[in-house]
Every structure is written in structure tokens, then in C-alpha cells.
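Dear colleague,

Please find below the structure that I am handing over to you, shown together with its sequence. My notes on it follow.

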Amino acid sequence: MARSSPMLDHPDLATVPLTAVFAALGDPTRLTIVQTLLEEPDGLACGAFPVDVAASTLSHHFKVLRLAGLIHQEERGTRRWTTLRQHDLEAWSPGILRIIERPAAPPTSRE
């Protein structure tokens, strides 16, 4: 019996508010997912990400990233494969991936 899955929504980035992109990236787990995908341009299966969250929580994070236009997901056999929408993101906001790939700098102390 074939595994059925609902169609996944992948919005056109032109319709996604900038605030949705920043809100999606504001969560450390989602930022880790995107940074991991920057290092894996061919994508990864959903269970292969270096995050320590329950499967249902991870599904929620993927949905937020997908609806913010950051990732693309598709069924490949029995797995859901996730890739970063690199070309779409660079066309939408040139340089955004360079900003995302940089680790956050530690705050400097002011004396």
C-alpha cells in the first residue's frame, strides 16, 4: 500500500512577509535547520538534522520554515526530504544566505 501524504504548501516568496521569514529564523532550532541545509545543498531526510526535539515538534518547525518560504519538502519513497530554497531566497533578497550562515557573534561587554 502506498503511503499517502497531504500536499505540502510551498508559497511563492513574493507573497511571504519579511516578518514571517525573520520570525521563522528567530528560533534557534529553525536557524540550526537552515544552517545545516546551507552545508547540505542536496538536502537531508527529516530525521537527519542535528536537533534534539520530539518528532512532532520537528514537524512543526519544518512547517513554519516551509510557510516562510525557506525550505522545500518532498516525499522520496518512505522519507520526507528537505532542501533549502537557496536560489529563490537569493533572488528574493540577495545576500540573505550570507547573513544566515554566519554564527551569531557573542555580545560585547560595555564598560
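I begin at the start of helix H2, where a side-chain oxygen of Asp27 comes to within 2.9 Å of the backbone nitrogen of Thr29. Please bear in mind that this is a predicted model.

**Overall architecture**

The protein chain contains five helices and three strands. Read from the N terminus, its elements follow the order α-α-β-α-β-β-α-α. Of its 111 residues, 37% count as buried. Among contacts between residues at least 6 apart in sequence, 64% join residues at least 24 apart.

**The sheet**

The three strands form an open sheet in the order S1-S3-S2, and their pairing is antiparallel. Strand S1 (44–45) and strand S2 (71–76) are the edge strands; each has a single partner strand, so one side of each has no neighbour in the sheet.

S2 and strand S3 (residues 79–84) are paired in the antiparallel sense over six bridges. Two partners can be followed directly in the structure: His72 has Thr83 of S3 as its bridge partner, and Gln73 has Thr82 of S3. In the hairpin of S2 and S3, two residues lie between the strands, and Gly77 adopts a positive phi near 65°.

**Helix H2**

Helix H2 (residues 28–39) lies across S1, S2 and S3, and it runs at about 80° to S3. Its 12 residues, at 1.5 Å a residue, should span 16 Å; the C-alpha atoms at its ends are 17 Å apart, which agrees.

Which residues of H2 are buried? They are Thr29, Arg30, Ile33, Val34, Thr36, Leu37 and Leu38. Thr29 therefore appears twice in this account, being buried and also having the backbone nitrogen that the side chain of Asp27 approaches at the start of the helix.

Gln35 is also found in helix H2, but at 21% relative accessibility it counts as partly exposed, because buried here means under 20%. A polar atom of the Gln35 side chain lies 2.9 Å from the backbone oxygen of Ile100. Gln35 and Leu84 are 49 residues apart in sequence, and their C-alpha atoms are 9.3 Å apart in space.

**Helix H3**

Helix H3 (residues 55–67) has 13 residues, which at 1.5 Å a residue should span 18 Å; its end C-alpha atoms are 18 Å apart, in agreement.

Where do the buried residues of H3 stand around its axis? The residues concerned are Leu58, His61, Phe62, Leu65 and Arg66. They cover an arc of only 135° around the axis, and therefore they lie on the same side of H3. As a general point, an α-helix has 3.6 residues a turn, so residues three or four places apart point the same way.

The buried residues of H3 pack against helix H1 (18–25), H2, S2 and S3. As regards the sheet, H3 packs on it and touches S2 and S3, with its direction making about 120° with that of S2. Just after H3, Gly69 takes a positive phi of about 80°.

**In brief**

When you open the model, I suggest viewing the antiparallel sheet with its order S1-S3-S2, then H2 lying across S1, S2 and S3, and finally H3, which touches S2 and S3.

With kind regards

Technical notes:
Residues numbered from 1 in each chain as written. Predicted model: local features only at pLDDT ≥ 70, side-chain atom pairs only at ≥ 80, totals over all residues. Heavy atoms only, no water. Pairing = 2+ DSSP bridges. Helix = DSSP H or I, 4+ residues; strand = E, 2+ residues; numbered from the N terminus. Contact = heavy atoms within 4.5 Å. Axes fitted to C-alpha atoms, helices over the stretch in contact; angles between N-to-C directions. Expected span 1.5 Å × (residues − 1). Buried < 20%, exposed > 50% of the residue type's maximum accessible area, 1.4 Å probe, protein only. Polar contact = N/O pair within 3.5 Å; in protein donor to acceptor, adjacent residues only side chain to side chain. Arc of directions from axis to C-beta.
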